[in-house]
Amino acid sequence: RQGRFAEAAGQLELLSQQRPADPVVALRLAVSRAAAGDCAAAAQLLDQRLRSSARTDLLLVLARIVAGCDGSPPALAGPVLGALRQLYARQADLEITSTLAMLEMASGSADAAVAYQQEALFLALRDGLAEDEMAVLRASLERYRSGQSPERPWPAGHPVTAPPLARPGDR
């Protein structure tokens, strides 16, 4: 929450050595690495994890890193896009659809990105998303319409990089 992602990555690296099979630790380590600017390491970590565990959360984070993070391996874009399209065909929710729009735009498919982002806005309206979150989706749609790729994997304040504070008694 404090923006000290390199420090968090170091601590999570130690934790991942103690709990190497824990996908949540791997996910948080990858997000911390990406937020600290080490996108290649973040993408490689998630790519390795996905080879042994087909988890939706890992795929979505990897897709966002590949789409919006300078330095992520370009060779991952095609396979990640294919896997995300398959996931979308089975389960088209807001997060999957908006992530697919982002990756389509980063892969050079502006028309597809706009169509998926418009669908994401429809899903957000249907689900009653808060106005500030709707504004983020609209801003992404305007970026895609103007031919601009995503600025970063997650918008400022997104729960992935700024999770809610733990309450006393939470574990």
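This is a short tour of a predicted model, stop by stop.

**Stop 1: the whole chain**

Show the protein chain as a cartoon. Eight helices and zero strands make up its secondary structure. Followed along the sequence, the pattern reads α-α-α-α-α-α-α-α. The chain has 171 residues, and 43% of them are buried.

Now color by pLDDT. The mean for the protein chain is 84. A value of 70 or more is reached by 88% of the residues. Which element has the lowest mean pLDDT, and which the highest? Select α3 for the lowest, at 83. Select α7 for the highest, at 96.

**Stop 2: the nonpolar core**

Turn on side chains inside the helices. The largest nonpolar core holds 48 residues. Start with L46, L62, I65, V80, L84, L103 and Y144, the residues with the most contacts inside this core.

Next, pick out the helices that feed the core. Each of these supplies at least two of its residues:

- α1, residues 5–18
- α2, residues 23–35
- α3, residues 39–52
- α4, residues 56–68
- α5, residues 77–90
- α6, residues 94–106
- α7, residues 110–127
- α8, residues 131–145

Which helix gives the most to this core? Select α4, which contributes nine residues.

**Stop 3: α4 beside α6**

Keep α4 on screen and add α6. Their axes lie 9 Å apart, and the two helices pack at an angle of about 30°. An angle under 35 degrees counts as roughly parallel, and α4 and α6 are therefore roughly parallel to each other. Look at the handedness too. The crossing of α4 past α6 is left-handed.

**Stop 4: α5 beside α6**

Hide α4, keep α6 and bring in α5. Here the axes come within 10 Å. They cross at roughly 150°. Are α5 and α6 roughly parallel or roughly antiparallel? Angles over 145 degrees count as roughly antiparallel, so that is how α5 and α6 run relative to each other. α5 also passes α6 in a left-handed crossing.

**Stop 5: the disulfide**

Select C39 and C69 and show them as sticks. The structure holds one disulfide, and these two residues form it. Their sulfur atoms are 1.6 Å apart. A disulfide is a covalent bond between the sulfur atoms of two cysteines.

Zoom in on the S-S bond. The angle about it is -50°, and the link of C39 and C69 is left-handed. Where do the two ends sit? C39 is in helix α3, while C69 is in the loop between α4 and α5. The pair therefore ties together parts that are 30 residues apart in sequence. Are C39 and C69 buried or exposed? Both are buried.

**Stop 6: A36, in a loop**

Move to A36, in the loop between α2 and α3. A36 is partly exposed, and its relative accessible area is 43%. Add A9 to the selection. Along the chain, A36 and A9 are 27 residues apart. Their C-alpha atoms are separated by 8.0 Å.

**Stop 7: S146, after the last helix on the list**

Finish with S146, which sits in the segment after α8. S146 is partly exposed, with 46% relative accessible area. Now select A110 as well. A separation of 8.8 Å lies between the C-alpha atoms of S146 and A110. Along the chain, these two are 36 residues apart.

Technical notes: Residues numbered from 1 in each chain as written. Predicted model: local features only at pLDDT ≥ 70, side-chain atom pairs only at ≥ 80, totals over all residues. Heavy atoms only, no water. Core = buried A, V, L, I, M, F, W, Y, C linked by side-chain atoms within 4.5 Å. Buried < 20%, exposed > 50% of the residue type's maximum accessible area, 1.4 Å probe, protein only. Helix = DSSP H or I, 4+ residues; strand = E, 2+ residues; numbered from the N terminus. pLDDT = per-residue confidence, 0-100. Disulfide = S-S within 2.5 Å. Axes fitted to C-alpha atoms, helices over the stretch in contact; angles between N-to-C directions. Parallel < 35°, antiparallel > 145°, perpendicular 65-115°, else oblique. Left-handed = near helix turned anticlockwise from the far one by under 90°.
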